[in-house]
Amino acid sequence: MKNSHVDWNYTSVNDNYTSQYAKSRAVEMTRGKMLGGSSSLNFMVYVRGNPHDFDVWADTVKDKNWKYKKVLPYFKKSERLTDSSIQSSYYGAYHNYKGYMGVQRQYHPDVDGYMQAYKELGNKIVIDTSTGDLGYTQPLFTISDGTRQSTSYAFLSPIKDRINLHVWKNTLVTKIIFDANHNAVAIEALTSDNRKVTVKARREIIVSAGSINTPQLLMLSGIGPKKHLQEMNIPVISDLPVGENFQDHQGALLAFKMGKLPSSQPPPNPHQFPIPLIIGYAALNKTQNYPDYQNLNHIIRDPATLLGFCTFTFGFEDALCRQLNETCEGHEVLLAVPNTMHPKSRGKILLKSKDPKDYPLIHGGYYSNPDDLENEVTYIEDVIRVINTTYFKEVNAELVRFDLPACAGYEWGSREYWKCYSRELLITIYHYTGTCAMGSVVDSRLRVNGVRRLRVVDASVMPFITSGNINAPTIMIGEKAADMIKEDNNIFSFLKHILNIF
Ligand SMILES: Cc1cc2nc3c(=O)[nH]c(=O)nc-3n(C[C@H](O)[C@H](O)[C@H](O)COP(=O)(O)OP(=O)(O)OC[C@H]3O[C@@H](n4cnc5c(N)ncnc54)[C@H](O)[C@@H]3O)c2cc1C
């Protein structure tokens, strides 16, 4: 669904530094433009992050309600796990089996050799990483009965007949309207047939437009950095660092040519998803209980999928993908993507103009902090040790040496080479967060600072990106916000919350 009418088709501003082997010379920042947003086109991996993430987050925003033990019930609330081995294990108590959103685990026989190889390097093999255990696993997916569990499918479909629910599709919200006391009282929107409509709010307005569009909408409405709004000729209602603090997980693509495939293979079933995937979480310091990097391992057994990943998903130049395809012809391929869990680099979203139809400027800021590049190289070095394991030797595995003229000045395999490689072949994991961060733009109850009756509930409120894919943490934020809204409309629950905060 990438690059189609259900994708916003955003591209980052070319920084002339990263992603220079991408056809667009920038990062294609896929975003779902449909009910369910990006959960309707994501890769469906279900990951919660690490307990450490939420404890740091709670300390930062000085509200213990964001600590791991307080958010865990909200992860569980939405989940409907069907997996008897997890249910009967130690991990069983950390899951729910009755929620709206189906979750299941991948069991693929083709991944055993890879798991053993990573184990040989000192990693654990675990059946579930939801509690924050480090190691390699066959992941959970937001799939149930062969159906994608987008937030639209899981949460909206069952309540379509509620008389107090109205959904307008293909409608662009263009502005939030405030009264003289800075209460958010209405929104303006453009319908698909270009009608301008105003919708009034009796209680409050909740913005869930994601980490790119939420800051755009707030800035168009007068909430954002004063200087930038003044440059855009937008009257300032609240001077806040909206759009700043953009964070993402970035990684590098490593391709391993593995064993020979049988000469006559049936063509792949295009309806079969996911392709075999194993995910590793690793810390370089073995006493640390949260990961430094995640390693996504896609096991590919046909050229169409390999080329699809290279040219389309990652958007690399045709010459590079042709080289990958020719080098690996007739062989299984492992595409490993080690990606930094806790980037220090920050990007920002700026308005291009006052026109809500104009796309905002997305400055990814990738590797703007040199520590991230150094760390990425260390993670690559940690992962490519796998080439010396028994399984990789058995199948005569080779690490594909791309012909990269931009890195030709560096000795292959040196740290300087890998730095060049990581920049040039940068991959986004599509985890945009932090642009309306809790603690600076919104408070810990997700209310926008400096105005009233306006909340943000999406991935943009995360002060720090979590350790892993962010769909489940975003849904957790939604579940928690639902309770906050109910509490704020009930005086007894509100008093209970105030007592709880200290
Ligand atoms: C290709 C891809 C693969 C991914 N894979 C995974 C994965 O496997 N696992 C995982 O955990 N995470 C994954 N993610 C990330 C995850 O899906 C998203 O981070 C998450 O869905 C973000 O949720 P959100 O509510 O913040 O924003 P979004 O899901 O982007 O939702 C925002 C919604 O608001 C709408 N909107 C925006 N502006 C306006 C406006 N002005 N008026 C009206 N509507 C508007 C959008 O159309 C969209 O429907 C992936 C993301 C992508 C893009």
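# Reading a ligand site and its protein chain

Modeller: Start at the ligand. One of its oxygen atoms is 2.7 Å from a polar backbone atom of Ser38. Keep in mind that this is a predicted model.

Biologist: How should I read that distance at Ser38?

Modeller: A polar contact is a pair of N or O atoms within 3.5 Å. The Ser38 pair, at 2.7 Å, is such a case. Note that the protein's partner here is a backbone atom.

Biologist: Which polar side-chain atom lies 2.9 Å from a nitrogen atom of the ligand?

Modeller: One that belongs to Asn213. Asn471 also takes part: a polar atom of its backbone is 2.7 Å from an oxygen atom of the ligand.

Biologist: How much of the ligand does the protein bury?

Modeller: Compare the ligand alone with the ligand in place. Alone, the ligand exposes 1,000 Å². The protein buries 89% of that area.

Biologist: Which elements give two or more residues to the shell around the ligand?

Modeller: Strand S10 (172-178), helix H6 (210-220) and helix H13 (471-488) do.

Biologist: And how many residues surround the ligand?

Modeller: The count is 29. The closest are Met34, Ser38, Val45, Val173 and Asn471. Sort the shell by class and you get 12 nonpolar, 14 polar and three charged residues.

Biologist: Let us step back to the whole chain. How many helices and strands does the protein chain have?

Modeller: There are 14 helices and 25 strands. For overall packing, set the radius of gyration against the globule rule. The chain has a radius of gyration of 23 Å, close to the 23 Å that the rule gives for 502 residues, so it is as compact as a globular protein of that length. Along the principal axes, the C-alpha atoms fill a box of roughly 70 × 50 × 45 Å.

Biologist: What share of the 502 residues is buried?

Modeller: Buried residues make up 54%. The accessible surface of the chain comes to about 22,400 Å², and carbon and sulfur atoms hold 52% of it.

Biologist: What do the contacts say about sequence separation?

Modeller: Take contacts between residues at least 6 apart in sequence. Of these, 69% join residues at least 24 apart.

Biologist: Show me one residue in a loop. Is Ser19 buried or exposed?

Modeller: The cut-off for buried is under 20% relative accessible area. Ser19 has 2%, so it is buried. Ser19 sits in the loop between strand S1 (10-11) and strand S2 (28-29). Beyond its sequence neighbours up to four places away, Ser19 touches Arg25, Ala26, Val27, Arg423, Glu424 and Leu426.

Biologist: Tyr430 is in a loop too. Between which strands?

Modeller: Between strand S24 (426-428) and strand S25 (454-456). Tyr430 has 18% relative accessibility, so it counts as buried. Its contacts outside four places in sequence are Glu28, Thr30, Arg31, Phe43, Asp248 and Thr313. For Thr313 there is a polar pair: its backbone oxygen lies 3.2 Å from a polar atom of the Tyr430 side chain.

Biologist: What about Ile427?

Modeller: Ile427 is in strand S24. With a relative accessible area of 5%, Ile427 is buried. Ile427 touches residues including His249, Leu253, Phe314, Phe316 and Val337. Look at Gly315 as well. Gly315 and Ile427 are 112 residues apart along the chain, yet their C-alpha atoms are separated by 9.2 Å.

Biologist: How do I read a positive phi?

Modeller: Start from the background. Most residues other than glycine have a negative phi. Now take Met44. Its phi is positive, about 70°, although Met44 is not a glycine. Met44 lies in the loop between S2 and strand S3 (45-46). Met44 is buried, at 9% relative accessible area.

Biologist: Where is Tyr367 placed?

Modeller: In the loop between strand S22 (361-363) and helix H10 (370-384). Tyr367 is not a glycine, and its phi is positive, near 55°. Tyr367 is buried, with a relative accessible area of 2%.

Biologist: Which residue just after H4 takes a positive phi?

Modeller: Gly122, with a phi of about 105°. Within helix H4 (residues 112-120), the buried residues include Gly113, Tyr114, Met115, Ala117 and Tyr118.

Technical notes: Residues are numbered from 1 along each chain as its sequence is written. This is a predicted model: local features need pLDDT of at least 70, side-chain atom pairs count only at pLDDT 80 or more; totals for chains, interfaces and linings use all residues. Side-chain values use heavy atoms; hydrogens and water are left out. A residue is near a molecule or strand if one of its heavy atoms lies within 4 Å of it. A polar contact is a pair of N or O atoms within 3.5 Å; within protein, one must be able to donate a hydrogen and the other to accept it, and residues adjacent in sequence count only if both atoms are side-chain atoms. Accessible areas come from the Shrake-Rupley method with a 1.4 Å probe; for residues, only the protein chains shown count as cover. Helices (H or I, at least four residues) and strands (E, at least two) are DSSP runs, numbered from the N terminus. Ala, Val, Leu, Ile, Met, Phe, Trp, Tyr, Cys and Pro count as nonpolar, Asp, Glu, Lys and Arg as charged, and the others, Gly among them, as polar. The radius of gyration is taken over C-alpha atoms; the globule rule is 2.2 Å times the number of residues to the power 0.38. Buried means under 20% relative accessible area, exposed over 50%, partly exposed in between (1.4 Å probe, protein chains only). Contact means heavy atoms within 4.5 Å.
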